[in-house]
Amino acid sequence: MKACIIIHNMIIEDEGVMNIGFDHEHKVNSFISVSYNEILELHDFLQTHNRIRDRETSSQLQEDLFEHL
């Protein structure tokens with residue numbers, strides 16, 4: 001967390017203070033398209049993440065790594 005804060009502060013010092021304003025009228029009048037379709041990349045990522053977090057799979061991966069070394 002400290003590293004992130006330090007890097008953030010370094011970027012702000014390097015680039016200067018950015019003018020981040022909110023154009024209320026532009027944001028209110030702009031059209032936002034919402035998609036309800038499945039995001040395949042996210043779905044694949046979550047499946048992979050769940051497989052890695054599975055205790056049995058994790059143990060097997062650790063054993064395989066130990067045998068490899």
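Helices, like strands, are DSSP runs numbered from the N terminus, and a helix here has at least four residues. With that in mind, open the model, which is a predicted one, and start with the whole chain.

Colour the chain by secondary structure, and you will find four helices and zero strands, so that, travelling from the N terminus, you pass elements in the order α-α-α-α. Now colour by confidence: the average pLDDT of the chain is 76, and 72% of the residues score at least 70. Confidence is lowest in α2, with a mean of 52, and highest in helix α4, residues 55-68, with a mean of 87.

Next, show the surface of the chain, whose accessible area comes to about 7500 Å², with 58% of this belonging to carbon and sulfur atoms. Of the 69 residues, 0% count as buried.

Select Ile39, which sits in the loop between α2 (24-29) and α3 (40-53), and then add Leu42, Phe45 and Leu46 to the selection, since together with Ile39 these residues form a nonpolar patch on the surface, with about 390 Å² of accessible area together.

Finish at α4, where the number of buried residues among its 14 is zero, so the helix lies largely in the open. Check its length too: at 1.5 Å a residue, the 14 residues of α4 should span 20 Å, and its end C-alpha atoms are indeed 20 Å apart, which agrees.

How values were computed
Residues are numbered from 1 along each chain as its sequence is written. This is a predicted model: local features need pLDDT of at least 70, side-chain atom pairs count only at pLDDT 80 or more; totals for chains, interfaces and linings use all residues. Side-chain values use heavy atoms; hydrogens and water are left out. Patches are made of residues with over 30% relative accessible area and no salt bridge: like charges are joined within 9 Å, nonpolar side chains (Val, Leu, Ile, Met, Phe, Trp, Tyr) within 5 Å. Accessible areas come from the Shrake-Rupley method with a 1.4 Å probe; for residues, only the protein chains shown count as cover. A salt bridge is a side-chain nitrogen of Lys or Arg within 4 Å of a carboxyl oxygen of Asp or Glu. Helices (H or I, at least four residues) and strands (E, at least two) are DSSP runs, numbered from the N terminus. pLDDT is the predictor's confidence in each residue, from 0 to 100. Buried means under 20% relative accessible area, exposed over 50%, partly exposed in between (1.4 Å probe, protein chains only). The expected span of a helix is 1.5 Å times one less than its number of residues.
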